[in-house]
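Open the structure and keep the sequence beside it. The walk goes from sheets to helices and then to the ligand.

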Amino acid sequence: MPCQDPGIRSKNFDEVALGYTEDMALAEAGRCLQCKKPLCMQGCPVEVPIRDFIGCVVARDYAGAYAKITSSNSFPAICGRVCPQENQCEGHCILGKKGSPIAIGRLERFVADNAAAGAVTGSIQKKGKKVACIGSGPSSLSCAGVCAKNGLDVDIYEAMHEAGGVLVYGIPSFRLPKDVVAREVEGLSRLGVRFFMNYVGGRTVSVAELKEQYAAVFIGVGAGLPVFLGVPGENLVGVFSANEYLTRVNLGRAYRFPEYDTPVYPGRHVTVFGAGNVAMDAARTALRMGAESVHIVYRRTRAEMPARKEEIEHAEEEGVALTLLSSPVCFNGDADQKLCSVTLQKMELAEPDASGRRRPVPIQGAQVEMPTDLAIIALGTRSNPVLLEATPDLALNERGYITVDEASGETSIPNVFAGGDIVTGAATVILAMGAGRRAGQEIVRRFA
Ligand SMILES: Cc1cc2nc3c(=O)[nH]c(=O)nc-3n(C[C@H](O)[C@H](O)[C@H](O)COP(=O)(O)OP(=O)(O)OC[C@H]3O[C@@H](n4cnc5c(N)ncnc54)[C@H](O)[C@@H]3O)c2cc1C
């Protein structure tokens, strides 16, 4: 896949990966063996008919390919860009055993970007029943799509001022352009889905109130409560959660100053803690916001980094440095309580324990001080208690996430469903979409 040159892209927020040309897509699709029993489908959480859509691409029937994909995945332009295909469909492709698997995600993106989406309007027979979704991330959007296509009236209540959840406030536009998400949201609007922004479920509107007005309620509020390190100095000026930093830049469009006047803390020497996709996004964003140096600090080695390989490679190409086998001890501030450095403990990996994992252990006496004026903590997230505390009848598991019936997505409250990160903990877009779709199908079965 052609990409923007690292030296150029590290200074802009335009999409890094430029997409296949038609010739490239045809060449890649032509490699597909069209297996009788396609293993790739087993690796897809929503079972996209991968072999069949690739067959359509080979025949240059792009509208047909789009129809095949959207029979089980409503948002292929998004999934083609952000799904961890290497662990899912592509990880199962038989060609990957001896060489390169088919680049399924790239073909999915090609089809989604090039096929006319063909809005479904008019012909849907209304069923006279209403569904409310709380939150507008991929789980709710997917649930809303299934319900609306089957004649149910859907209203989405979202706490923020823009729909899309992490797709708009977390994942930066250089990986997922905001107009791609907006297009999917517009598609739902054309189906009649109504969006009520700046509504906080549990505060502005309660689940009990919605239950009175709607046949079914879907809760897709994600897991947006940041986890912190718990080391001294973490409350100094200049220490941020990745959530806050990315939300200011992405949702608040701080990168388009002065058109958007969203304040964002300027960092010259930035340190990001964590090694997942969120850490990569935060580091690459800080670089684009003008940082002179960006370090990712992780207490294990590169082999254990949970981020997608491609994201790590892209980050390094752009100039992000990895500081591995290092763990923060404390943040140090100046007289004005502004962050000026972080003390790091050097680590080594111990022999594998009973679980087979090699734990990081401190190397005695090996501490270093790293100058830094902006620290971004990207260690993961937990469930946000706002809606949960206001809904005491909602059963939660021991980790604080909503318990649901696996097949239907129904919670402990009848006709109240939930899905996505608020059920599984922080996971992936495709899993959230799959959960929203399953719940939507159950709501349709009951009310459409
Ligand atoms: C920076 C970042 C990068 C990521 N990169 C990838 C990636 O490359 N690939 C991938 O597959 N996954 C990625 N993920 C994970 C993925 O985005 C999530 O798993 C997915 O978005 C979860 O979807 P969701 O619908 O459950 O919740 P969310 O996307 O979190 O959406 C929840 C929505 O609910 C709203 N909300 C919360 N509380 C309330 C309330 N009380 N009332 C009303 N609305 C509320 C929120 O504002 C939000 O809009 C990434 C996550 C982050 C943070």
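What follows is a tour of this predicted model, one region at a time.

Start with the parallel sheet. Five strands form it, in the order 6-13-7-8-9. The sheet is open, and its strands pair in parallel. Strand 6 (239–241) and strand 9 (321–323) stand at the edges. Each has a single partner strand, so one side of each is left without a neighbour in the sheet. From one strand to the next, the twist averages 25°.

Now look inside this sheet. Strand 7, residues 269–273, pairs with strand 13, residues 374–377. The two are parallel and share four bridges. One position to find is valine 270, whose bridge partner in strand 13 is leucine 374.

Helices pack on this sheet. Helix 13 touches strand 6 and strand 13. The direction of helix 13 makes about 80° with that of strand 6. Helix 14 lies across strand 7, strand 8 (293–297) and strand 13. Relative to strand 8, helix 14 runs at about 170°.

How do helix 13 and helix 14 cross? Their axes come within 10 Å and cross at roughly 50°. That angle makes helix 13 oblique to helix 14. The crossing is left-handed. From helix 13, the contact takes Ala242, Tyr245, Leu246 and Val249. From helix 14 come Val278, Ala279, Asp281, Ala282 and Thr285. By class, the residues of this contact are seven nonpolar, one polar and one charged.

Stay with helix 13 for a moment. The loop between helix 13 and strand 7 holds proline 258. The peptide bond from phenylalanine 257 to proline 258 is cis, with omega near 10°. Most peptide bonds are trans, and most residues other than glycine have a negative phi. Glutamate 47 is a case to check for phi: it is not a glycine, yet its phi is positive, at about 50°. Look for glutamate 47 in the loop between helix 3 (39–42) and helix 4.

That loop leads to another helix pair. Helix 2 (residues 22–30) packs with helix 4 (residues 50–58) at an angle of about 130°. Their axes are 9 Å apart. The angle makes helix 2 oblique to helix 4. Helix 2 and helix 4 also cross in the left-handed sense. Which residues meet here? Ala25, Ala29 and Gly30 in helix 2 meet Ile54, Val57 and Val58 in helix 4. This contact has five nonpolar residues, one polar and no charged ones.

Next comes the antiparallel sheet. Three strands form an open sheet in the order 10-11-12. Strand 10 (326–333) and strand 12 (358–371) are the edge strands, and each pairs on one side only. Neighbouring strands here are turned by 20° against each other on average, with direction ignored.

Take the two pairings in turn. Strand 10 pairs with strand 11 (residues 339–352) over seven bridges, in the antiparallel sense. Here glycine 333 has leucine 339 of strand 11 as its bridge partner. Strand 11 and strand 12 are joined by nine bridges and also run antiparallel. In this pairing, leucine 349 stands opposite proline 360 in strand 12. As you trace any regular strand, expect side chains to alternate between the two faces of the sheet.

The hairpin of strand 11 and strand 12 has five residues between the strands. In that hairpin, glycine 356 takes a positive phi near 90°.

Finish at the ligand. How many residues surround the ligand? The number is 42. The closest are Gly135, Gly137, Gly165, Gly222 and Gly420. Several helices each supply at least two residues of this shell. They are helix 9 (138–149), helix 14 (277–288), helix 16 (385–389), helix 17 (421–424) and helix 18 (429–447). Helix 14 thus appears in two places on this tour: it lies across strands of the parallel sheet, and it supplies residues of the shell around the ligand. By class, the shell holds 23 nonpolar, 16 polar and three charged residues.

Terms used:
Residues are numbered from 1 along each chain as its sequence is written. This is a predicted model: local features need pLDDT of at least 70, side-chain atom pairs count only at pLDDT 80 or more; totals for chains, interfaces and linings use all residues. A residue is near a molecule or strand if its C-beta atom, placed from the backbone, lies within 6 Å of it. Ala, Val, Leu, Ile, Met, Phe, Trp, Tyr, Cys and Pro count as nonpolar, Asp, Glu, Lys and Arg as charged, and the others, Gly among them, as polar. Two strands pair if DSSP finds at least two bridges between them. Axes are lines fitted to C-alpha atoms, for helices over the stretch in contact, and angles run from 0 to 180 degrees between N-to-C directions. Angles under 35 degrees count as roughly parallel, over 145 as roughly antiparallel, 65 to 115 as roughly perpendicular and the rest as oblique. A crossing is left-handed if the near helix is turned anticlockwise from the far one by less than a right angle, and right-handed if clockwise. Two residues are in contact if their C-beta atoms, placed from the backbone, lie within 7 Å.
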